[in-house]
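Colleague: I would be grateful for a close look at one part of this model, namely the paired strands and the nonpolar core associated with them. Please treat the pairing residue by residue where that is possible.

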Amino acid sequence: MPPSSDAASSSASTAAPLRIRAGGRSFLALVLTPEAPLDGWLIALDRQIERSAGFFAGKPIILDLSLAPADDPGLPSFLPALQERGVRVIGIEGADRSGSAFAEWDWPEGFIGGRDSAAADVPDEAEEQPPALPPGALVIEQPVRSGQQIVWPEGDVVILGSVASGAEISAGGSIHVYGALRGRAIAGIVGRPDARVFARVMQAELLAIDGFYAVADEFDPELVGKPAQALLEGESLILRPLP
């Protein structure tokens, strides 16, 4: 027997409310910008993956094709090649998806619901502007355990303890580790080539600044296990002793 209207009304009134809210979280995506020839670029990517297995695992990737020529012979098979390597592409920029080279691509739809920012007024040059405040630093008082990931694009990350092997720290600015750095440290993720990585005991698995990487077997052995800093010189990531 179907429920009476009174019973249905009672059931509806006691049902749990449906909660819908606008997203209150932000996620950091890495941007890959391949250059021609794409086959050669994939070889370089394979070397990077070999040196840091799992670096791309689980990370959202934006593929920027602005530097990839539309007539590159490796373009039609490029996205499948990335997917075979475990690179999870969530969005594509710098290309027209109607191009013939992308006919077989499983083109990600990316995000919807974005909107342009409002137009900003140009300030009067004669008007005195307040000085820009430096970005805030994230201070972590506990050791960072293996498997933990810390992402802080707003500024520096300061860790008073140690960073275990298998942990990963990403910062918009510099990274300061007052103990041993044994995991991965990625500084300057918002385009800061002046960022650095400082460690009282430098034993990192991988270091990166503004997209330039180096792994443990590329470090100066004289500085491994000692107080050191990593910085960029041109497009090379180097270690120097701390003063």
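Modeller: The model is a predicted one, and a convenient place to begin is a single bridge: valine 139 has valine 158, in strand S6, as its bridge partner. The strands concerned, S4 and S6, run parallel to each other and are joined over three bridges. In general terms, the strands of a sheet pair through backbone hydrogen bonds, in either a parallel or an antiparallel sense.

The pair S4 and S6 belongs to an open sheet of six strands, whose order is S4-S6-S8-S10-S13-S14 and whose pairing is mixed. At its edges stand S4 (138-140) and S14, and each has a single partner strand, so one side of each is left without a neighbour in the sheet. On average, neighbouring strands of this sheet are turned by 25° against each other, direction ignored.

A further open sheet is made of five strands in the order S5-S7-S9-S11-S12, again with mixed pairing. Here the edge positions are taken by S5 (149-152) and S12; each of them has a single partner strand, so one side of each is left without a neighbour in the sheet. For this sheet the average turn between neighbouring strands is 5°, direction ignored.

Within the five-stranded sheet, S7 and S9 pair in the parallel sense over three bridges, and serine 170 stands opposite isoleucine 186 of S9. Strand S9 also holds arginine 184. With a relative accessible area of 13%, arginine 184 falls under the 20% limit and therefore counts as buried. Its side chain makes a polar contact, at 2.9 Å, with the side chain of glutamate 168.

At the other end of the strand order, S11 and S12 (residues 212-215) are antiparallel and share four bridges. Alanine 208 is placed opposite tyrosine 213 of S12. These two strands form a hairpin with two residues between them, and in this hairpin aspartate 210 takes a positive phi near 55°.

Turning to the core, the largest nonpolar core has 29 residues, of which Leu181, Val197, Met202 and Leu207 touch the most other members. Two or more residues of this core come from each of the strands S6 (157-159), S7 (168-171), S8 (175-181), S9 (184-187), S10 (197-202), S11 (206-209), S13 (228-233) and S14 (236-241). Valine 197 illustrates the packing: beyond its neighbours within four places in sequence, valine 197 is in contact with Ile175, Leu181, Ala185, Ala187, Met202, Leu207, Ala228, Gln229 and Ala230.

Apart from this core lies another, of 21 residues, including Leu45, Leu75, Val87 and Ile92. As a separate example of a buried position, leucine 63 may be considered; leucine 63 is part of strand S2 (residues 60-64) and has a relative accessible area of 0%. If residues up to four places away in sequence are not counted, leucine 63 touches Leu32, Pro34, Phe78, Leu82, Val89, Gly91, Ile92, Glu93 and Trp105. One of these contacts, proline 34, is 29 residues away along the chain from leucine 63, and the C-alpha atoms of the two are separated by 8.1 Å.

Technical notes
Residues are numbered from 1 along each chain as its sequence is written. This is a predicted model: local features need pLDDT of at least 70, side-chain atom pairs count only at pLDDT 80 or more; totals for chains, interfaces and linings use all residues. Side-chain values use heavy atoms; hydrogens and water are left out. A nonpolar core is a set of buried Ala, Val, Leu, Ile, Met, Phe, Trp, Tyr and Cys residues joined through side-chain atoms within 4.5 Å. Buried means under 20% relative accessible area, exposed over 50%, partly exposed in between (1.4 Å probe, protein chains only). Contact means heavy atoms within 4.5 Å. Two strands pair if DSSP finds at least two bridges between them. Axes are lines fitted to C-alpha atoms, for helices over the stretch in contact, and angles run from 0 to 180 degrees between N-to-C directions. A polar contact is a pair of N or O atoms within 3.5 Å; within protein, one must be able to donate a hydrogen and the other to accept it, and residues adjacent in sequence count only if both atoms are side-chain atoms.
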